[in-house]
Amino acid sequence: MCLGIPGQIIEITNVNHKLALVNIGGVKREVNIACIVDEQHPPEACIGDWVLVHVGFAMNRINEQEAAETLQLLQELAAAQAGINT
């Protein structure tokens, strides 16, 4: 099982290498978007897309509602974990 973290593509940093800057909870990371681009959706069209990021790769696009729900669940898990560790 893998865990994909939602993030929003805010900039294409290298079209040739299919790299983009993604905002993940306020932290900006460069990720590879090769898995989510094709002729119908080139890198330039990805700005603003929400994606699931796993080990530096945008694995697939998701909608904004899915991203918000996933981020909320991750925050709840973090709070529950913090409660266990206190």
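Hi everyone, let's start at Val 55, which sits in the loop between strand E4 (50-54) and strand E5 (57-62). Keep in mind as we go that this is a predicted model. Val 55 is not a glycine, and yet its phi is positive, at about 45 degrees. Is Val 55 buried or exposed? With a relative accessible area of 67%, Val 55 is exposed, because the cut-off for that label is over 50%.

Now please scroll back to Lys 18, in the loop between strand E1 (5-14) and strand E2 (19-24). Lys 18 is another residue other than glycine with a positive phi, near 55 degrees. Its relative accessible area is 31%, so Lys 18 counts as partly exposed.

Next up is His 41, from the loop between strand E3 (27-32) and E4. His 41 has a relative accessibility of 18%, and therefore counts as buried, since the limit for buried is under 20%. What does His 41 touch, leaving aside residues up to four places away in sequence? The answer is Ile 36, Cys 46, Asp 49 and Arg 61. With Asp 49 there is also a polar contact, side chain to side chain, at 2.6 Å.

Last stop, helix H1, residues 64-84. At its start, Asn 63 places a side-chain oxygen within 3.0 Å of the backbone nitrogen of Gln 65. And here is a quick check for the geometry fans: H1 has 21 residues, so at 1.5 Å a residue it should span 30 Å. The C-alpha atoms at its two ends are 30 Å apart, which agrees.

Thanks, and I'm happy to rotate the model for anyone who wants another look.

Methods: Residues are numbered from 1 along each chain as its sequence is written. This is a predicted model: local features need pLDDT of at least 70, side-chain atom pairs count only at pLDDT 80 or more; totals for chains, interfaces and linings use all residues. Side-chain values use heavy atoms; hydrogens and water are left out. Helices (H or I, at least four residues) and strands (E, at least two) are DSSP runs, numbered from the N terminus. The expected span of a helix is 1.5 Å times one less than its number of residues. A polar contact is a pair of N or O atoms within 3.5 Å; within protein, one must be able to donate a hydrogen and the other to accept it, and residues adjacent in sequence count only if both atoms are side-chain atoms. Buried means under 20% relative accessible area, exposed over 50%, partly exposed in between (1.4 Å probe, protein chains only). Contact means heavy atoms within 4.5 Å.
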